[in-house]
Amino acid sequence: MGFTIGGIRDHRNKGAGPRRRGRTPECTTVAEYTGLWGWDVVPGARAAVRGSGGRAECSCGAAGCPAPGAHPLSFAPTVPAGATLDDAAAAWGEVPGAAVLLPVGGAFDVLDVAEQAGQHALVRLERMGLPLGPVAATPHGRAQFFVAPGAAAELPRLLYRMGWDDADLDLRCLGPGDHVTAPPSDLGGLGPVRWLRPPTLETAGRPPEARLLLGTLAYACNRAPFCG
């Protein structure tokens, strides 16, 4: 018999009972990401906090899961860009309650910074009129700037050219092989991810080059401890 945590049933046991299908809010979100924004979507694990100690348990069922509620479900296929609402409903009918994850490295890479620094940088970038893509905020205090793919491989060189290579910056870039939890899904049992700057038809398919944002983000990260 499969187990359920946070609404996800593990279907690796094929005899785990009837599968529920229907057009849930998650299906609509998936269809928006695949059909409107042109992104692949991956069903992800969910986490639930159990017991007085607040320990998070992952729906994947792995003992000691290193990333409870923050990784793809290994047995669930990717819903590809262009998938329809019916496609999304069929996919999520196999894994009801799954989190919506976006694979990084194809349509975009992600510059990840502390949310305080990201908020300061976002204000400066908007004032300067620089191009911006989608920006998400996580419940554990990170801001995620969607940028053109290839940024993860270029980050060390870009920081060196800008003179930030020796600075101790709380800044990293997610690239191929990584995934981000997409709004409004829950991340690790901590709460929902939200948009600081939602995707648009112009920005979803053509996020800005990382070099256009990196200087401002690095400056904001460098002074973030002194910001009020």
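## Exercises on a sheet and two cores

Helix α4 (residues 151-162) lies across β7 (109-114), β9 and β10, at about 150° to β10. Contact means heavy atoms within 4.5 Å; helices (H or I, at least four residues) and strands (E, at least two) are DSSP runs numbered from the N terminus. Axes are lines fitted to C-alpha atoms, for helices over the stretch in contact, with angles from 0 to 180 degrees between N-to-C directions.

This is a predicted model: local features need pLDDT of at least 70, side-chain atom pairs count only at pLDDT 80 or more, and totals for chains, interfaces and linings use all residues. Residues are numbered from 1 along each chain as its sequence is written, and side-chain values use heavy atoms, leaving out hydrogens and water.

**Exercise 1.** Work out the strand order of the open sheet and find its edges.

*Solution.* Start with pairing: two strands pair if DSSP finds at least two bridges between them. The order is then β10-β7-β9-β8-β12, with antiparallel pairing. Next, look for strands that pair on one side only: these are β10 (171-174) and β12 (194-197). Finally, zoom in on β8 (135-137) and β9 (142-147), joined by three bridges; alanine 136 is partnered with glutamine 144 in β9.

**Exercise 2.** Find which helix supplies the largest share of the largest nonpolar core.

*Solution.* Take buried (under 20% relative accessible area, exposed being over 50% and partly exposed in between; 1.4 Å probe, protein chains only) Ala, Val, Leu, Ile, Met, Phe, Trp, Tyr and Cys residues, and join them through side-chain atoms within 4.5 Å. The largest core has 30 residues, with Tyr33 and Trp92 among those with the most contacts inside it. α1 (25-36), α2 (85-94) and β6 (99-103) each supply at least two, and α1 gives the largest share, four residues.
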